[in-house]
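Q: I have the sequence and the model open side by side. Please pick one part, take me through it closely, and then show me how it connects to its surroundings.

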Amino acid sequence: MNLTAIFIPAIVFFTIYKIIEVLTHRKERIIIADKLEQMSNLNDSILPDRLNQFFSERKKYTSLRAGSVLLGMGLGFLVGFIIQYCCFGLDYNYVHGQLVSVIYMGSILIFGGAALLGSFVIERTMDKNNN
């Protein structure tokens, strides 16, 4: 079966469709940009103060979050390796390789999420102690 006869017209029609779509949505983008410009002129005095407050609060515990996520991911790798070694040993085939990748990713995500939850609890207790 010759797939070239199917793909070439599909690509041509898709390209034409996207070009027409870009040209028709140009007016909408210009209208939205004008509205955003009008809104930014109104909120110039309020917006920087709120942004500074938001980012100063967010930067306060960045190292705690990053450290806890990396610690959780490392623990996930270790647990994944232990599970893989206990179940399959060091020699495994393709099917076992697929299962091992699921084990690794699952353990990394579980322990990384648990680390983020732990850092959230630590942040809350530190905020309560500071206030």
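A: Let's start at S119, which touches L64, R65 and S68 once residues up to four places away in sequence are set aside (a contact means heavy atoms within 4.5 Å). This is a predicted model, in which local features need pLDDT of at least 70 and side-chain atom pairs count only at pLDDT 80 or more, while totals for chains, interfaces and linings use all residues. Residues are numbered from 1 along each chain as its sequence is written, and side-chain values use heavy atoms, with hydrogens and water left out.

S119 is found in helix α5; helices here are DSSP runs of H or I with at least four residues, strands are runs of E with at least two, and both are numbered from the N terminus. With a relative accessibility of 3%, S119 counts as buried. The classes are buried under 20% relative accessible area, exposed over 50% and partly exposed in between, using a 1.4 Å probe and protein chains only.

E123 is also found in helix α5, and E123 is buried too, at 8% relative accessible area. Leaving out neighbours within four places in sequence, the contacts of E123 are Y61, L64 and R65. L64 therefore appears in the contact list of S119 as well as in that of E123, where contact has the meaning given above. The C-alpha atoms of E123 and L64 are separated by 8.5 Å, although the two residues are 59 apart along the chain.

R65 does something further with E123: the two form a salt bridge, with their closest N and O atoms 2.9 Å apart. The term covers a side-chain nitrogen of Lys or Arg within 4 Å of a carboxyl oxygen of Asp or Glu. This pair links distant parts of the chain, with R65 in helix α4 and E123 in helix α5 (residues 94-130), 58 residues apart. R65 is partly exposed, at 23% relative accessibility, whereas E123 is buried. As a general point, side chains of opposite charge can pair when their charged atoms come close.

The count of salt bridges comes to two. K18 and E21 make a salt bridge as well, at 3.1 Å from N to O. Both residues sit in helix α1 (residues 4-24), three residues apart, or about one turn of the helix. K18 is partly exposed at 35% relative accessible area, and E21 is partly exposed at 23%.

Back to α4, the partner helix of that R65–E123 link. Its 27 residues should span 39 Å at 1.5 Å a residue, and the 38 Å between its end C-alpha atoms agrees with this; the expected span is 1.5 Å times one less than the number of residues. The buried residues of α4 are S68, G72, G76, G80 and Q84, and S68 is one of the residues that S119 touches.

Now for the surface side of the story. L75, L78, F81, I82, Y85 and L90 form a nonpolar patch there, with about 600 Å² of accessible area together. Patches are made of residues with over 30% relative accessible area and no salt bridge, joining like charges within 9 Å and nonpolar side chains (Val, Leu, Ile, Met, Phe, Trp, Tyr) within 5 Å. Accessible areas come from the Shrake-Rupley method with a 1.4 Å probe, and for residues only the protein chains shown count as cover. F81, one of the patch members, lies in α4 (residues 62-88) and is partly exposed, with a relative accessible area of 37%.

What about the cysteines? The count of disulfides is zero, where a disulfide is a pair of cysteine sulfur atoms within 2.5 Å. The sulfur of C86 lies 6.6 Å from the closest cysteine sulfur, in C87, so the two are too far apart for a bond. C86 is exposed at 62% relative accessible area, and C87 is exposed at 55%. After α4 comes G89, whose phi is positive, near 75°.

Finally, the wider setting: the protein chain has five helices and zero strands. Of its 131 residues, 11% count as buried. Among contacts between residues at least 6 apart in sequence, 70% join residues at least 24 apart. The chain exposes about 10900 Å², of which carbon and sulfur atoms supply 70%.
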